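User: Please take a close look at the salt bridges in this model. I should like to know how the charged side chains pair and how accessible the paired residues are.

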Amino acid sequence: MSTTRPCSPGDRGPESGDGGASGVSAAGVTPVDGGAPGDAASPDGAALAPTGRQARRLDFDGESGVVPLARDFARQALNAWGWLPAASADRRAAAEDVLLVVSELVTNACLHAEGPDELRISCDNKVLRVEVSDRGAGQPAPRTPHRAGRPGGHGMFIVQRLCLDWGVVRTPGVAGKTVWAELGAPA
């Protein structure tokens, strides 16, 4: 896992642009997947798996209780993209891993970076990407050596263990950073 590489192989870094944004709701949520949940359905009414890249954005400006808010936001995205409700134990585990990674990244932003500014989640057929932006100057890293019995300090170790890859993106001359993590989509 990498904390120095700004983005995963073949990626351009944090999601940029609106990608067909359909607006921001009162809660600061921007679906950028071009449609509302449930737009695609099979003839029997069951939701179809998303095709192409799906993305959602949550602005934390002025929000409190950001960790549960982020988990609820991620859960709604997973529902819209067909990850939930899970049809198998593997799919359920993949969705729970996403929710745990979202919780850990947002919690780290709260504890070490004056709180998160924004959460972005995007998904294609193979990879789900979570990005948390904040104004902090610190560099997240798994605590080494990892001591399972020691309280605290497990967040980035958990992210490292659950994700295909993760890293940090900084924009020169701009305060803050974006911590990203990628998880494999369920089979």
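Analyst: A residue counts as buried when its relative accessible area is under 20%, as exposed when that area is over 50%, and as partly exposed in between. The model examined here is a predicted one. By this cut-off E118 is buried, because its relative accessible area is 15%.

E118 is also a partner in a salt bridge: it pairs with R57, and the closest N and O atoms of the two residues are 2.5 Å apart. E118 belongs to strand 3 (residues 116–123), whereas R57 belongs to strand 2 (residues 54–59), so the contact ties together parts that lie 61 residues apart in sequence. R57 has a relative accessibility of 24% and therefore counts as partly exposed. The bridge thus has a buried acidic residue, E118, and a partly exposed basic one, R57.

A second pair that links two strands is formed by K177 and D134, whose side chains meet in a salt bridge at 2.9 Å, N to O. K177 lies in strand 6 (residues 177–184) and D134 in strand 4 (residues 127–134), so this pair ties together parts that are 43 residues apart in sequence. Both partners are buried: K177 has a relative accessibility of 7%, and D134 has one of 6%.

Salt bridges with shared partners also join R57, E118, R120, R129, E131 and E182 into one network. The pair described at the outset, E118 and R57, therefore belongs to this network, because both residues are among its members.

A further salt bridge is found within a helix. The side chains of D72 and R75 meet at 3.1 Å, N to O. These residues are 3 apart in helix 1 (residues 66–80), which means that about one helical turn separates them. Both count as partly exposed, D72 at 40% relative accessibility and R75 at 30%.

In total, the count comes to 9 salt bridges, among them the three pairs described above: E118 with R57, K177 with D134, and D72 with R75.

Covalent cross-links between cysteines may be considered alongside these contacts. A disulfide is a covalent bond between the sulfur atoms of two cysteines. The structure holds 0 disulfides. Regarding cysteine accessibility, C110 is partly exposed, with a relative accessible area of 34%, whereas C163 is buried, with a relative accessible area of 4%.

Terms used:
Residues are numbered from 1 along each chain as its sequence is written. This is a predicted model: local features need pLDDT of at least 70, side-chain atom pairs count only at pLDDT 80 or more; totals for chains, interfaces and linings use all residues. Side-chain values use heavy atoms; hydrogens and water are left out. A disulfide is a pair of cysteine sulfur atoms within 2.5 Å. Buried means under 20% relative accessible area, exposed over 50%, partly exposed in between (1.4 Å probe, protein chains only). A salt bridge is a side-chain nitrogen of Lys or Arg within 4 Å of a carboxyl oxygen of Asp or Glu. Helices (H or I, at least four residues) and strands (E, at least two) are DSSP runs, numbered from the N terminus.
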